[in-house]
Amino acid sequence: MPSEDSEYDTPRRVRMPDDEWDAFLDAAKQVHPDGRSPRGPVLREFIRWYLRRPGAKLPERPPAGPWSTPPK
């Protein structure tokens, strides 16, 4: 099984509007500024919490920023 930050994780597809996916990247960079895919750790933390895995917690949220306002 690959490690949490392994570059060998199997790629997954997530469908969401571009404006949300791009804003999610900007927000995730605030919490996870390093690494090639800052969205990955947030999604993994959320999924573990959602599945009620022992010790899992909701991912840390960044402070409000430009990503907090929906596009017009």
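The following exchange goes through how several labels on this predicted model are reached.

User: What is the make-up of the protein in helices and strands, and what share of the residues is buried?
Analyst: The protein has two helices and zero strands. Of its 72 residues, 17% are buried, where buried means under 20% relative accessible area.

User: Why are H1 and H2 called roughly perpendicular?
Analyst: The axes of H1 (residues 18–31) and H2 cross at roughly 95 degrees. Angles from 65 to 115 degrees count as roughly perpendicular, and H1 and H2 therefore get that label. Their axes also come within 9 Å. On the H1 side, the contact is made by Trp-21, Asp-22, Phe-24, Leu-25 and Ala-28; H2 supplies Arg-39, Val-42 and Leu-43.

User: What makes Trp-49 partly exposed, rather than buried or exposed?
Analyst: Trp-49 has a relative accessible area of 35%. Buried requires under 20% and exposed over 50%, so Trp-49, at 35%, is partly exposed. Trp-49 is placed in helix H2, which spans residues 39–50.

User: Which residues make the nonpolar surface patch that includes Trp-49?
Analyst: The patch consists of Phe-46, Ile-47, Trp-49, Tyr-50, Leu-51 and Leu-58, and has an area of about 620 Å². Patch members need over 30% relative accessible area, and Trp-49 has 35%.

User: What is notable about the phi of Arg-52, and how do you know that Arg-52 is exposed?
Analyst: Phi of Arg-52 is near 60 degrees, a positive value in a residue other than glycine. Most residues other than glycine have a negative phi. Arg-52 is in the segment after H2. With a relative accessible area of 76% against a cut-off of over 50%, Arg-52 is therefore exposed.

User: Why is Arg-61 called exposed, and what is its C-alpha separation from Ala-27?
Analyst: Arg-61, also in the segment after H2, has a relative accessible area of 74%. Exposed means over 50%, so Arg-61 is exposed. The C-alpha atoms of Arg-61 and Ala-27 are 8.1 Å apart, although 34 residues separate them along the chain.

User: What share of the contacts with a separation of 6 or more joins residues 24 or more positions apart?
Analyst: That share is 33%.

User: How much area does the protein expose, and what do carbon and sulfur atoms supply?
Analyst: The protein exposes about 6,600 Å², of which carbon and sulfur atoms supply 52%.

Notes. Residues are numbered from 1 along each chain as its sequence is written. This is a predicted model: local features need pLDDT of at least 70, side-chain atom pairs count only at pLDDT 80 or more; totals for chains, interfaces and linings use all residues. Side-chain values use heavy atoms; hydrogens and water are left out. Patches are made of residues with over 30% relative accessible area and no salt bridge: like charges are joined within 9 Å, nonpolar side chains (Val, Leu, Ile, Met, Phe, Trp, Tyr) within 5 Å. Accessible areas come from the Shrake-Rupley method with a 1.4 Å probe; for residues, only the protein chains shown count as cover. A salt bridge is a side-chain nitrogen of Lys or Arg within 4 Å of a carboxyl oxygen of Asp or Glu. Helices (H or I, at least four residues) and strands (E, at least two) are DSSP runs, numbered from the N terminus. Buried means under 20% relative accessible area, exposed over 50%, partly exposed in between (1.4 Å probe, protein chains only). Contact means heavy atoms within 4.5 Å. Axes are lines fitted to C-alpha atoms, for helices over the stretch in contact, and angles run from 0 to 180 degrees between N-to-C directions. Angles under 35 degrees count as roughly parallel, over 145 as roughly antiparallel, 65 to 115 as roughly perpendicular and the rest as oblique.
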